[in-house]
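Trainee: I am new to this structure and would like a close look at a single part, the surroundings of the ligand, with enough of the whole protein to place it.

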Amino acid sequence: MTALAQQALPESPLENILRDRIAREGPIGIADYMSLCLGHPQHGYYMTRDPFGARGDFTTAPEVSQMFGEMIGAYVAAQWQLMGAPQPFHLIECGPGRGTLMADMLRVFARLPDLMKALRIHLVEMSPVLRDVQQKNLEAYADRIEWHEDINNVPAGAFALVANEFLDALPVRQFQFHQREWRERCIGLEKGTLGYTLGGRVALNISANEGDIFETSPVREKFIRNIAARLKCSPGFALLIDYGHDRSGLGDTLQAVHRHHYANPLERPGEADLTSHVDFAALKKMTEEIGCEVGGPIPQGKFLENCGISARAAILQQKNPQAGAEAALRRLTAADEMGELFKVMILSSFGKPVFIS
Ligand code: SAH
């Protein structure tokens, strides 16, 4: 590597840690790699920074416009009423980022004093940096917010759970079809550099061609099983929004994003966001087998339209034509923007969820 290239791509501290570990213990699976890159206590991507917005690495729906959180808030409020207005009512958000979605939902609830009185807020967040940002942005509600490491620490009782772009950050395992066998796809060292390699054989009954990749996410599945278990003893629903597919298939969807551009997932570990597409079909099948009602997945654009986002955009646009409500509406709902790739799936304890067809 030339001096210039070294300057352009300095090694990340996590890269050295990974190299040492692989040299000592052998290749690591993609899931371990992903969870270290995102969650390593000192050098993990989310543990060290606020990655959102124009100056960060990527922009999520709540950061595009207040309308996103307002629609989700209106949906949660309507469902709470359908549930018989339970008190207390636990509102759980997993992976709240900057707390923007929660702040926008709470502004909607401010018009419903009974809901506000019932509300207990639970934020499931692993990043100390983002917890600080959430604390600042939600200061006005400090007396009713609790932070948790894990969803299982949230007390039982009537609840709504919301998670936007949380599932995509949970680690996936990958398997590759090679010489008529499925093998775990791993990361090893090639002349001192991180590179893909194959690990042990796995028994998978899936037909494929040489080189095909199959992904599965035991951590995501465990998360969904935890929600399903909660739904069995507490009335509630879980609204999951993420990018992914509504039909299971083969393919490598692991992606890294750095400063709003795709990057090589093996370059600068810990300094780029690392995600994969959510296999909603697999999660839906699992949830139905457990016995929960599932609505969707449907495209995000359709869900937001069902919630009335166009009417809200028209009001905002009229109030302040410079604020860009129409452009934001397009970004959130158009098929060639976030409207199709992002999907909404709702799990519920009390019959088919509304607005999701
Ligand atoms: N929902 C926000 C942020 C999405 S980014 C938005 O739409 O803007 C993913 C979020 O999930 C971050 O807050 C990140 O710190 C958190 N996160 C990722 N993996 C996590 C885990 N295993 N446990 C708890 N939080 C996690």
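Before we turn to the ligand, what radius of gyration does the protein have, and how does that value stand against the one for a compact globule with 357 residues?

Mentor: Please keep in mind from the start that this is a predicted model. The protein has a radius of gyration of 21 Å, and because a compact globule with 357 residues would have one near 21 Å, the value agrees with that expectation. Taken along the principal axes, the C-alpha atoms fill a box of roughly 65 × 45 × 40 Å, and the protein contains 14 helices and 16 strands.

Now to the ligand itself, which takes up the space of the largest pocket. The ligand is surrounded by 17 residues, and the closest of them are Thr60, Gly95, Gly97, Glu125 and Asn164. When the residues of this shell are sorted by character, 10 are nonpolar, five are polar and two are charged.

Three of the contacts can be followed atom by atom in the view in front of you. Threonine 60 places a polar side-chain atom 2.6 Å from an oxygen atom of the ligand, and glutamate 125 likewise has a polar side-chain atom at 2.5 Å from a ligand oxygen atom. Glycine 95 takes part through its backbone, with an N or O atom lying 2.7 Å from a nitrogen atom of the ligand. As for how far the ligand is covered, it exposes 570 Å² when taken alone, and the protein buries 92% of that.

With the ligand placed, some details of the backbone also deserve a careful look. Most peptide bonds are trans, and most residues other than glycine have a negative phi. Against that background, the bond from glutamine 87 to proline 88 is cis, with omega near -10 degrees, and proline 88 is found in the loop between α6 (66-82) and β2 (89-94). Another cis bond leads from glycine 296 to proline 297, with omega near 0 degrees, and here the proline, residue 297, is part of strand β15, which covers residues 293-299. Finally, arginine 180 is not a glycine, yet it has a positive phi of about 65 degrees; arginine 180 lies in the loop between β6 (173-178) and β7 (181-190).

Technical notes: Residues numbered from 1 in each chain as written. Predicted model: local features only at pLDDT ≥ 70, side-chain atom pairs only at ≥ 80, totals over all residues. Heavy atoms only, no water. Near = heavy atom within 4 Å. Polar contact = N/O pair within 3.5 Å; in protein donor to acceptor, adjacent residues only side chain to side chain. Areas by Shrake-Rupley, 256 points an atom, 1.4 Å probe, with all protein chains shown as cover. 1 Å grid on protein atoms, 1.4 Å probe; cavity = no way out; pocket = protein on both sides within 12 Å on 5 of 7 lines; lining within 4 Å. Sits in = over half its atoms within 2 Å of the grid points. Nonpolar A, V, L, I, M, F, W, Y, C, P; charged D, E, K, R; others polar. Helix = DSSP H or I, 4+ residues; strand = E, 2+ residues; numbered from the N terminus. Rg over C-alpha atoms; globule rule 2.2 N^0.38 Å.
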